[in-house]
Amino acid sequence: MNPDAVFVAVLVAAALAVTLGVALGWAASLIEPDADSLVERIDALLPQTQCGQCRYPGCRPYAAAIASGAAEIDRCPPGGDATVRALAALLDRSPRPLDPAFGAPKPAQVAWIDEEKCIGCARCLPACPVDAIVGAPRQMHTVITAQCTGCELCLPPCPVDCIELRPVPAVSLRYRQPRAA
Amino acid sequence: MTELLLLALGASLVNNFVLSNFLGLCPFIGVSRRFEAAAGMALATLFVLTIASGLSFALWQWVLVPLGLEYLRTLVFILLIAGVVQFTEIMVRATSPLLHQLLGIFLPLITTNCAVLGVALLNVDRQHGLLESLVFGASAGAGFGLALLLFTTLRERLDTADVPQAFRGAPVALVTAGLMALAFMGFAGLGAR
């Protein structure tokens, strides 16, 4: 094989790669216009608990439903009235009270596992939408407070009811002396 | 016309890509747990296969053969397929974020779906024209989708069946796939290529 053939081969492969890259970039900029960014902006206002109380599988699907007009803005109990007002301001609609059919607003909370009672069954791990529970089968589990959204989805799978929800600690990372038993 | 019909029948049923050529087994096993995801995967693969076989034919006919670069075909086809898959991902994300979530990691994996590369290479080997290539690609995709959807429904029923401990999960899925392949052998008498 002479050097020219190698040169042509490299040139053809490179030209194809560049053509595809340019075409893809162009298609991406063409297909994803502002409609998507409205969903993003609504999503940014939602509390990201991923709790599903709005009857959508997570905050982003709910944001998409609001953007397309399929759902009202009053379906997010974890966000409370503050979220409804923020959404109303963004979408230029009048604020409305939360629909009680989707649950009552609660103060911010995080899950807490009673490690004495935990049997290490690992059933709460797949339920957590944000992977905030650390643990393995037959090992005690615990909750990463900074990641926990307080969505309560880990409560039903627990067979020994060792998970409870507590108000968000003011400073969650501070070291505390263990209480004397 | 009869030729094309026989070609389509052959690629989709008689020589089904999954069940008789054993191409594209990774998505066949990987995405067959839920029907929605399987239906999305079937459609995405059909789309990618059709477009990729048309484009690879064009590339082969008008670039590789005139330049005498036939030996580059595997590399160039994979590059082309990767581009088409990326384009499909952009489209799916824009049109249906839910489907995008369901397919997840498997959408980029169409790139390494050997059925797609297999169709492109077979088109070249059998010297198909543009129309034949498109029909062959589309019917291969339809055959893949048919096998995948049938298999998914079987697996959804298997989930509720009382399977012996040692066979749960992947083993019984593979046994089922083998039985389906046997059943598809019954199409061998249809007389298509």
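## Cavities and the contact between chain B and chain A

In this predicted model, the count comes to three cavities of 30 Å³ or more. The largest cavity holds about 80 Å³ of space, and of the 13 residues that line it, A:Ala111, A:Cys128, A:Cys148, A:Cys151 and A:Cys154 are the closest to its centre. Sorted by class, that lining is made up of ten nonpolar, two polar and one charged residues.

The contact between the two chains draws 17 residues from chain B and 14 residues from chain A. The size of an interface is often given as the accessible area lost when the parts come together. Here the area buried between chain B and chain A is about 1400 Å², with carbon and sulfur atoms giving 85% of that area. On the side of chain B, the residues that lose the most area to chain A are B:Tyr71, B:Leu79 and B:Ile90, which together account for 30% of what that side buries.

As for specific pairings, zero salt bridges are counted between chain B and chain A, and the count of residue pairs in polar contact, with both residues at pLDDT 80 or more, is likewise zero. The elements giving two or more residues to this side of chain B are α3 (35-67) and α4 (73-95) of chain B, and α4(B) gives the most, with eleven residues.

The table sets out the classes of residue on the two surfaces described.

| Surface | Nonpolar | Polar | Charged |
|---|---|---|---|
| Side of chain B that touches chain A | 14 residues | two residues | one residue |
| Lining of the largest cavity | ten residues | two residues | one residue |

Definitions and conventions
Residues are numbered from 1 along each chain as its sequence is written. Chains are lettered from A and ligands numbered from 1 in the order in which they are written. This is a predicted model: local features need pLDDT of at least 70, side-chain atom pairs count only at pLDDT 80 or more; totals for chains, interfaces and linings use all residues. Side-chain values use heavy atoms; hydrogens and water are left out. Contact means heavy atoms within 4.5 Å. Buried area is the accessible area (1.4 Å probe) that two parts lose on being put together, summed over both. A salt bridge is a side-chain nitrogen of Lys or Arg within 4 Å of a carboxyl oxygen of Asp or Glu. A polar contact is a pair of N or O atoms within 3.5 Å; within protein, one must be able to donate a hydrogen and the other to accept it, and residues adjacent in sequence count only if both atoms are side-chain atoms. Helices (H or I, at least four residues) and strands (E, at least two) are DSSP runs, numbered from the N terminus. Ala, Val, Leu, Ile, Met, Phe, Trp, Tyr, Cys and Pro count as nonpolar, Asp, Glu, Lys and Arg as charged, and the others, Gly among them, as polar. On a 1 Å grid over the protein atoms alone, a cavity is a set of points where a 1.4 Å probe fits but cannot get out, and a pocket is an open set with protein on both sides within 12 Å along at least five of seven lines; lining residues have an atom within 4 Å of a point. Grid points are joined across faces, edges and corners, and a volume is the space filled by probe spheres set on the points.
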